[in-house]
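User: I would like a close look at one part of this protein, the largest pocket. Please describe what lines the pocket, and then place it in the rest of the chain.

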Amino acid sequence: MNVVSLEPCSIREARADDAETLSELAFRSKAYWGYDAAFLEACRHDLTVTPQEIAESATFVCEGTRGIVGFSRVVLMDERTAELDSLFVDPTVIGSGTGKRLWEQSVIAARALGAQDLVLQSDPHAEGFYLSRGARRIGEVASALVPGRTLPLMHFALRREGPMAT
């Protein structure tokens, strides 16, 4: 693990002008897992966050003294289901609790949107993180980018008993 800093960060709603920074952070975060350059380039479009996507979702950033070190994005799919569309942490703070804080904020946001279920397609390297947060694997989905590659499909029940009940 390459944790450089355990500096505190504050969570705030993302702004449209954060889009380029979030896109660059998502690319760095994906690259952390050792994917080759061709795969990363194939992912670039999917890792790009637009101002419109920020406006149409619950998007949060974790910001410290060095700037934005992580972000998450929750999209309401229907009246019952929200999707954790993105959760990326800068490689310099992986293991610092930044991802956990963004997960917790995403769960709160999904509940505030009225969802009862939170679903996500996990990078295989991040599946353990989501399992540790209480999500469970409910299947696999085919990668839209790489034929034959599958991604873990995860589910988290959004119960109403407490702020982080599972």
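Analyst: What follows starts with the model as a whole, goes on to the pocket and its lining, and ends with some single residues.

The model is predicted, so a word on confidence comes before the details. The protein averages a pLDDT of 90, and 92% of the residues score at least 70. Residues 1–5 are a weak stretch, with pLDDT under 50 throughout. The model nevertheless gives residues 1–5 a count of 14 contacts beyond four places in sequence.

The secondary structure consists of five helices and seven strands. In sequence order the pattern reads β-α-α-α-β-β-β-α-β-α-β-β. The C-alpha trace spans about 40 × 40 × 35 Å along the principal axes of the protein. Is that what a compact globule would give, or what is the radius of gyration to compare with? For 166 residues, a compact globule would have a radius of gyration near 15 Å, and the protein has 15 Å, so the two agree. Buried residues make up 46% of the 166 residues. Of the contacts with a separation of 6 or more, 65% are between residues 24 or more positions apart.

Now the pocket. The largest pocket has a volume of about 1,100 Å³. It is lined by 42 residues, and the closest to the pocket centre are Lys30, Leu87, Phe88, Gln121 and Asp123. Six elements are named as giving two or more residues to the lining: α1 (19–31), α2 (37–47), β4 (81–89), α4 (98–112), β5 (117–121) and α5 (127–132). Of the elements, β4 gives the most, with seven residues. Sorted by class, the lining has 19 nonpolar, 14 polar and nine charged residues.

Which residues does lysine 30 touch? Leaving out residues up to four places away in sequence, lysine 30 touches Tyr35, Leu40, Leu47 and Asp123. Asp123 is also among the residues closest to the centre of the pocket. Lysine 30 belongs to helix α1. With a relative accessible area of 12%, lysine 30 is buried, because the cut-off for buried is under 20%.

Serine 23 is found in helix α1 too. At 14% relative accessibility, serine 23 counts as buried. Beyond four places in sequence, serine 23 touches Leu47, Thr48 and Val49. Leu47 is thus on the contact list of serine 23 and on that of lysine 30.

Tyrosine 130 sits in helix α5, one of the elements that give two or more residues to the pocket lining. Its relative accessible area is 6%, so tyrosine 130 is buried. Not counting residues up to four places away, tyrosine 130 touches Leu84, Leu87, Trp103, Leu120, Ser122, Ala135 and Met154. One of these, Leu87, is among the residues closest to the pocket centre. Tyrosine 130 and histidine 155 are 25 residues apart in sequence, and their C-alpha atoms are 9.2 Å apart in space.

Phe88, another of the residues closest to the centre, gives a link to strand β2. The C-alpha atoms of phenylalanine 88 and valine 61 are separated by 9.6 Å, with their positions 27 residues apart along the chain. Valine 61 lies in strand β2 (residues 58–64). At 0% relative accessibility, valine 61 counts as buried. Apart from neighbours within four places in sequence, valine 61 is in contact with Ser10, Ile11, Arg12, Ala14, Asp18, Leu22, Ile68, Gly70, Phe71 and Leu102.

Two loop residues complete the picture. Proline 91 is in the loop between β4 and α4, and both of those elements are named for the pocket lining. At 15% relative accessibility, proline 91 counts as buried. Proline 91 and alanine 31 are 60 residues apart in sequence, but 8.8 Å apart in space, C-alpha to C-alpha.

Glycine 114 is in the loop between α4 and β5. At 31% relative accessibility, glycine 114 counts as partly exposed, because that value falls between the 20% limit for buried and the 50% limit for exposed. The C-alpha atoms of glycine 114 and glutamate 104 are separated by 16 Å, and the two residues are 10 apart along the chain.

Key:
Residues numbered from 1 in each chain as written. Predicted model: local features only at pLDDT ≥ 70, side-chain atom pairs only at ≥ 80, totals over all residues. Heavy atoms only, no water. 1 Å grid on protein atoms, 1.4 Å probe; cavity = no way out; pocket = protein on both sides within 12 Å on 5 of 7 lines; lining within 4 Å. Points joined across faces, edges and corners; volume = space filled by probe spheres on them. Helix = DSSP H or I, 4+ residues; strand = E, 2+ residues; numbered from the N terminus. Nonpolar A, V, L, I, M, F, W, Y, C, P; charged D, E, K, R; others polar. Buried < 20%, exposed > 50% of the residue type's maximum accessible area, 1.4 Å probe, protein only. Contact = heavy atoms within 4.5 Å. pLDDT = per-residue confidence, 0-100. Rg over C-alpha atoms; globule rule 2.2 N^0.38 Å.
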